[in-house]
Amino acid sequence: MTGGAVPSFGRRWWLWPLAAVLVALAVWPLVETWLTNADDQRLVDLDVYRTGGRMVLEGRAVYDFITPAPQLLPFTYPPVAALLAVPLAWMSWETAQWVWTAGVFAALAVTVGFAFRQVIRNPLVFAFLMVACAYLMPIRDQVRFGQVDILLVALCLADCAAKRPWWPRGLLIGLATAVKLTPGVFLIYLLVTRQWKTFWMATFSTALFTLMPFAVIPRDSADFWFRALLDPERLGANAATTNQSMRGMLIRLYLGEGVTTALWLALVAVVGWYGFRFAREALDRGDLMTSVALVGLMAVLLSPVAWIHHLAWVVVVLGALVGNGHDVVRLRVATGVWLFYVVPIPWWGVAIKAADIPVVSPVIGKIVQNGFGLGAIALVWLLGVWLPKRRQIL
């Protein structure tokens, strides 16, 4: 195999069905756990999407409803997401759960296929990587909450990494940005890397998918852009442990709103500058996957709110670290990163804080509570500084 292309397996086609069966068996405990959970704890974000679609069908205000207690969740996505959720509203709740969960794993398969394409030498390797990534905590949360993040990762990654896309390159980034805003960091990436054709297509498609709802649900569209979007509390308690963005970590220091905002803006400038610079340098040396992984980390770190499931970009980070699989040191580092994001480290921090041990609880507990966010910052250094040096050594 050369050039990072996925090989043809000829007569060994039967390995793909076998791989699919192995993946299904391995992830079944994860699926069964969350799809048989208590009704009010089952795929709660999918319930939000589906209810948003139902509001559109019924002609009711999309941004005024909340889901039933105990969740009480509003629809927080741009209007085009509500339009795209209409098919979910046509389905029964049980059918929607299974269709969405299948979609999560299909998107994960696309992401794994692109992120690890240099090492997927047979379907069984693909199956192993699928299962390993499925049990990352950010991916487990996709299944637990019925979240959309891995679908957005797959869209952006496919747009960047497909060798000969059948769609205009940039279209999928625009769609992802219109659905959830945070993939908009890829517009900055395309700009700083001077990918002009893709940048203009991504900008056009973002505008198209953003403005289209004004023709269908104009009242809801205006309500989102001029009211709902300006209320950060609609996203949930910003100080919650699950918010692992830089702003979330700062909020938990309780320094006061003014100081917190000033520090956050300074960190956004510094981390953003280095993150996009490293991404451009990676692309210049031909390391596309590292470049995309760095931009994905920017989507998490620079956002005002980034829940743990937003870290689905860790799958791409792991693919960048593994590379072609020939460097044992990189494989060990990738294994360590995988393990770090498999275990519930932020919740260990909560437990340490609750233990009320002098010094340990308030200091160590806070650091551990912010573990995934701090880990994402460390990954920027790992991909932007350590990995290029590692390539030079080899």
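## A histidine in a loop

Which residues does His 310 touch, not counting residues up to four places away in sequence? The answer is Asp 149, Lys 180, Val 300 and Val 305. Before going further, please keep in mind that this is a predicted model.

His 310 is found in the loop between α15 (288-301) and α16 (314-322). Its relative accessibility is 12%, and because buried means under 20%, His 310 counts as buried. Lys 180, one of the residues that His 310 touches, is a good stepping stone to the next helix, since Lys 180 is listed among the buried residues of α9.

## Helix α9 and its surroundings

Helix α9 runs over residues 171-180 and is mostly covered, with eight of its 10 residues buried. Those buried residues are Leu 172, Ile 173, Gly 174, Ala 176, Thr 177, Ala 178, Val 179 and Lys 180. If you would like to see what covers them, look at α3 (79-84), α8 (149-161), α10 and α11, which are included in the cover.

Just after α9 comes Leu 181, and this residue takes a positive phi of about 70°.

## α10 against α11

Two of the helices that help cover α9 also pack against each other: the axes of α10 and helix α11 (residues 196-216) come within 8 Å and cross at roughly 155°. Angles over 145 degrees count as roughly antiparallel, so α10 is roughly antiparallel to α11. The crossing of α10 past α11 is left-handed.

On the α10 side of this contact you will find Leu 187, Leu 190 and Leu 191. They meet Trp 196, Thr 198, Phe 199, Ala 202, Thr 203 and Thr 206 in α11. Sorted by class, the contact has six nonpolar and three polar residues, and no charged ones.

## Aromatic pairs

How many aromatic pairs does the structure hold? There are 18. One of them joins Phe 186 and Tyr 189, edge-to-face, at 6.0 Å centre to centre and with 85° between the planes. Both residues lie in helix α10 (residues 185-192), three residues apart, which is about one turn of the helix. An α-helix has 3.6 residues a turn, so residues three or four places apart point the same way. Phe 186 counts as buried at 0% relative accessibility, and Tyr 189 is buried too, with a relative accessible area of 1%.

Trp 273 and Tyr 274 make another edge-to-face pair, because their ring centres are 5.0 Å apart and their planes stand at 90°. Here Tyr 274 counts as partly exposed, at 37% relative accessibility. Elsewhere, ring pairs link Tyr 49, Tyr 63, Phe 75, Tyr 77, Trp 100, Phe 224 and Trp 225 into a cluster.

## α5 against α7

One more helix pair is worth a look. Helix α5 (residues 93-115) and helix α7 (residues 137-145) pack at an angle of about 155°, and their axes are 9 Å apart. That angle makes α5 roughly antiparallel to α7. The crossing of α5 and α7 is right-handed.

Which residues of α5 meet α7? They are Thr 101, Val 104, Phe 105 and Leu 108, and their partners in α7 are Ile 139, Gln 142 and Val 143. By class, this contact of α5 with α7 has five nonpolar and two polar residues, with no charged residues.

Terms used: Residues are numbered from 1 along each chain as its sequence is written. This is a predicted model: local features need pLDDT of at least 70, side-chain atom pairs count only at pLDDT 80 or more; totals for chains, interfaces and linings use all residues. Side-chain values use heavy atoms; hydrogens and water are left out. Axes are lines fitted to C-alpha atoms, for helices over the stretch in contact, and angles run from 0 to 180 degrees between N-to-C directions. Helices (H or I, at least four residues) and strands (E, at least two) are DSSP runs, numbered from the N terminus. Angles under 35 degrees count as roughly parallel, over 145 as roughly antiparallel, 65 to 115 as roughly perpendicular and the rest as oblique. A crossing is left-handed if the near helix is turned anticlockwise from the far one by less than a right angle, and right-handed if clockwise. Contact means heavy atoms within 4.5 Å. Ala, Val, Leu, Ile, Met, Phe, Trp, Tyr, Cys and Pro count as nonpolar, Asp, Glu, Lys and Arg as charged, and the others, Gly among them, as polar. Rings of Phe, Tyr and Trp (its six-membered ring) pair if their centres lie within 6.5 Å; planes under 30 degrees apart count as stacked, over 60 as edge-to-face and the rest as tilted. Buried means under 20% relative accessible area, exposed over 50%, partly exposed in between (1.4 Å probe, protein chains only).
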